[in-house]
Amino acid sequence: MNISVVGTGYVGLVTGAVFADLGNDVVCVDKDAAKIEALRAGRMPIYEPGLEELVQRNVADRRLAFTTDLGDAVRRSDIVFIAVGTPSKTTGESDLSAVEEVALGIARALDRYKVIVNKSTVPVGTGDLVRDIIARNRRRPVDFDVVSNPEFLREGSAIEDTLRPDRIVIGAPNQQVAMTLLELYAPLERPMIITDVPSAEMIKYASNAFLATKISFVNAIANICDLAGADVTQVVKAMGMDPRIGGAFLQAGLGYGGSCFPKDTDALIQTAAGLGYDFRLLRAVVEVNRERAQRFVALMQKVLDPLDDRVIAVLGLAFKAKTDDMREARSVEVIPRLLDAGARVRAYDPVAMPNAKTLFGPAVEYCASSYEAAEGADAVAIVTEWNEFKLLNLERLRGLMRRPLIFDGRNIYEPERVRRLGFEYHSVGRKPVYPT
Ligand code: NAD
């Protein structure tokens, strides 16, 4: 099939590359000329494991191309995917301006029947909005359909998730257009759910809101464990063995960040309010999440009192492991609070350093490794759960530090082991341990 994918970010680029790998002819479109230039030169604008090889292979086989010319890409395609960003406005609502701009561009280039697929995360009702924009602005009286096909990939395993999704949701206005999408996805041999358009749009928000709820629920339980002297890791291990609960997304920590959960929970609260429903449960989920970084820094303040002039080695800057994405990362909540309290921050992340530098500027000292960051530090703070932090040589780390003290915002170490290695260790929802 001839496909165009508009928006070459984490979702669009991976989706386009995977469709090309399945044998389709794909054009990826972006309005960011520098991004398209880089992609044409074989450079990836984002870090995603396996992406570079996938893109290069399909470019070499002439199944994948890049352009800034939306009109040309649309005219060449039978199916047009919209995968542009839908960030939050200050009100918490989704900013749909990029989706609207693309819909307008599609309308102007529409020259024969096409299927327009919304892959961006958009509030219920956006399918109708896109339909209206195209219907009002098309230059020829040609027919088209608008489908909702929400994306569930996770950054860090985006290719694997796109090749082997748990489910493929297709919200279609009629059976015939649903069949076109079924055919496109058939080679993946994964479960497909066909719904109407509004239900598909809701499935995405309901799923992300539920996952965010699981995280905040466990973090609230961790708060109680802290007060009661219980161990949250043991609590969730047993909870997760109940198949009605499930073990995934039950880790206590600094809370969720990233480009999806914070904005999608905010948007669902706003959508519900707009429809006349006060989603109090989800408001509380957001509130619990908001407190996480505050509590973490307050704990450091209490233990190190004062924080002024203390050197803190922050390990992990990306919003989660295996990505360079800093959007709504917990480091962005933690580091400014530390700096405000007068602490000196030495930071390290395996891949997010370039993005971090543009965010924090010279206020932070950037280090080439965890060990370099720990040199002369009064404490190490684990903010992102990168595997390489789990595998650190803690004895070496301790030897470099001014004081053997770890604040673990992700519970990546076993307290007894760290204590035996001579550290004072504070984690989340577990008793602190002190060297003997
Ligand atoms: P992104 O910010 O990484 O990429 C969006 C791209 O769209 C950018 O390259 C931008 O230049 C381009 N763009 C913006 N306006 C454009 C226009 N008018 N014409 C052409 N290109 C335009 O975003 P992302 O993370 O890939 O997310 C895209 C959508 O998918 C969002 O709605 C997001 O909520 C959703 N989503 C993201 C993830 C994720 O993990 N990142 C997962 C599932 C769903």
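1. In which loop is the place of Glu328? In this predicted model, Glu328 sits in the loop that runs between strand S9 and helix H13 (330-340). Although Glu328 is not a glycine, its phi is positive, at about 55 degrees, and the residue is partly exposed, with a relative accessible area of 44%.

2. Asn411 also deserves a look, since it is a residue other than glycine with a positive phi, near 50 degrees. Asn411 is found in the loop between strand S13 (405-408) and helix H18 (415-420), and with a relative accessible area of 13% it counts as buried, because the cut-off for that class is under 20%.

3. A further local feature concerns the peptide bond between Asp305 and Pro306, which is cis, with omega at about 0 degrees. Pro306 lies in the loop that links helix H12 (280-304) to strand S9 (311-315).

4. As for the chain as a whole, it has 18 helices and 14 strands. Its radius of gyration is 24 Å, close to the 22 Å that the globule rule gives for 436 residues, so the chain is as compact as a globular protein of that length. Along its principal axes, the C-alpha trace spans about 80 × 50 × 40 Å.

5. Turning to packing and surface, 53% of the 436 residues count as buried, and among contacts with a separation of 6 or more, 71% are between residues 24 or more positions apart. The accessible surface of the chain comes to about 19,300 Å², with 51% of it belonging to carbon and sulfur atoms.

6. Finally, the chain carries 54 positive and 58 negative charges, whose mean positions are 2 Å apart.

Definitions and conventions: Residues numbered from 1 in each chain as written. Predicted model: local features only at pLDDT ≥ 70, side-chain atom pairs only at ≥ 80, totals over all residues. Heavy atoms only, no water. Helix = DSSP H or I, 4+ residues; strand = E, 2+ residues; numbered from the N terminus. Rg over C-alpha atoms; globule rule 2.2 N^0.38 Å. Buried < 20%, exposed > 50% of the residue type's maximum accessible area, 1.4 Å probe, protein only. Contact = heavy atoms within 4.5 Å. Areas by Shrake-Rupley, 256 points an atom, 1.4 Å probe, with all protein chains shown as cover. Lys, Arg positive; Asp, Glu negative; His and termini not counted. Charge placed at Lys NZ, Arg CZ, Asp CG, Glu CD.
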